[in-house]
Every structure is written in C-alpha cells, then in structure tokens.
Amino acid sequence: MNRCGSTDSQVSLDAKAGTGDSSVMLAQPYQLYIERTDATKNMARFYVLAIEPTLFGTPCLTRRWGRIGTTGQAMVHHFDKEEDAVSMFLDLLRTKRARGYRPNTRIRREPMVWSCPGSLHDPCR
C-alpha cells in the first residue's frame with residue numbers, strides 16, 4: 001500500500017489487474033475487407049473490420065468504411081473481453097452481408113516479401 005499521511009489512498013498500486021488471462025493476447029486475429037459495388041448506381045464502397053489488442057492488452061474493434069480509393073472514415077470500439085468484440089464483429093458482418101457487401105475475389109493477393117535494408121531486394125536501392 002502507498003501511505004503517506006492524509007493524502008494516502010487505501011488502494012494498493014501494486015495490486016494485480018482484475019482482467020485475468022483474457023487481456024494477454026487475442027485467441028486469433030480478426031480482419032475482414034468487403035466491398036459493395038453497383039455500376040448502375042455509381043456505387044463503390046468498402047468496409048473493413050479488425051480486432052486488435054491495445055497497448056494495455058484489451059481488445060479493440062476498428063471499423064473503416066468509405067468509397068473505394070479513399071481513406072474513408074473510421075470508428076474504434078474498446079472492450080473488456082474479446083468475446084464482446086467478436087460478437088460485435090459478427091453482428092456487423094451479418095448486417096453488411098445483408099446489405100450486399102461481399103469479399104472482392106478479383107484482387108490478386110501477392111505474398112509479402114520482407115527484405116533487409118541494403119539487400120538486393122531492398123526497394124529503396
């Protein structure tokens with residue numbers, strides 16, 4: 001306990017956090033990119049969902065949406081438990097799927113190639 005006269009609190013600063021093991025790491029990564037396009041309506045939208053741990057280890061659901069080719073808007077939701085973040089993730093996914101959002105299957109995904117600076121594959125050379 002930290003005690004020093006009349007300004008002392010009755011709470012120990014060395015107490016263990018009450019969050020348990022759930023704040024250690026996420027069970028698995030959650031990331032999703034979906035699009036909704038309709039040329040007849042000049043519609044080209046994207047929606048991105050991701051659950052990641054904060055610096056304090058609590059789960060954070062980030063949503064980003066907007067017109068394809070723009071930065072769009074973003075909203076961040078913080079949770080105490082991963083299960084709550086996953087529940088909101090799945091609810092948002094169901095809602096967006098019902099509105100016509102689908103994964104973009106036309107994008108050819110290349111594997112990331114990491115290289116050391118100064119190597120033959122260094123893009124800055």
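Read along the sequence, the chain runs β-β-β-β-α. The model is a predicted one, and its chain holds four strands and one helix. The notes below cover the chain as a whole, then a positive surface patch and one of its members, arginine 67.

**Chain as a whole**
- The chain has 125 residues, and 23% of them are buried.
- About 9,900 Å² of the chain is exposed, with 55% of that area supplied by carbon and sulfur atoms.
- Of the contacts between residues at least 6 apart in sequence, 37% join residues at least 24 apart.

**Positive surface patch**
- Lys41, Arg45, Arg67 and Arg99 form a positive patch on the surface.
- Two of these names, Arg45 and Arg67, recur below, since arginine 67 is in contact with Arg45.

**Arginine 67: position and exposure**
- Strand E3 spans residues 59-67 and includes arginine 67.
- Arginine 67 counts as partly exposed because its relative accessibility is 40%, a value that falls between the 20% limit for buried and the 50% limit for exposed.

**Arginine 67: surroundings**
- Once neighbours within four places in sequence are set aside, arginine 67 is in contact with Asn42, Met43, Ala44, Arg45 and Phe46.
- For one of these residues, phenylalanine 46, the C-alpha atom is separated from that of arginine 67 by 6.1 Å.
- Phenylalanine 46 and arginine 67 are 21 residues apart along the chain.

Terms used
Residues are numbered from 1 along each chain as its sequence is written. This is a predicted model: local features need pLDDT of at least 70, side-chain atom pairs count only at pLDDT 80 or more; totals for chains, interfaces and linings use all residues. Side-chain values use heavy atoms; hydrogens and water are left out. Helices (H or I, at least four residues) and strands (E, at least two) are DSSP runs, numbered from the N terminus. Buried means under 20% relative accessible area, exposed over 50%, partly exposed in between (1.4 Å probe, protein chains only). Contact means heavy atoms within 4.5 Å. Accessible areas come from the Shrake-Rupley method with a 1.4 Å probe; for residues, only the protein chains shown count as cover. Patches are made of residues with over 30% relative accessible area and no salt bridge: like charges are joined within 9 Å, nonpolar side chains (Val, Leu, Ile, Met, Phe, Trp, Tyr) within 5 Å. A salt bridge is a side-chain nitrogen of Lys or Arg within 4 Å of a carboxyl oxygen of Asp or Glu. Lys and Arg count as positive and Asp and Glu as negative; His and the chain ends are not counted. The place of a charge is taken as NZ of Lys, CZ of Arg, CG of Asp or CD of Glu.
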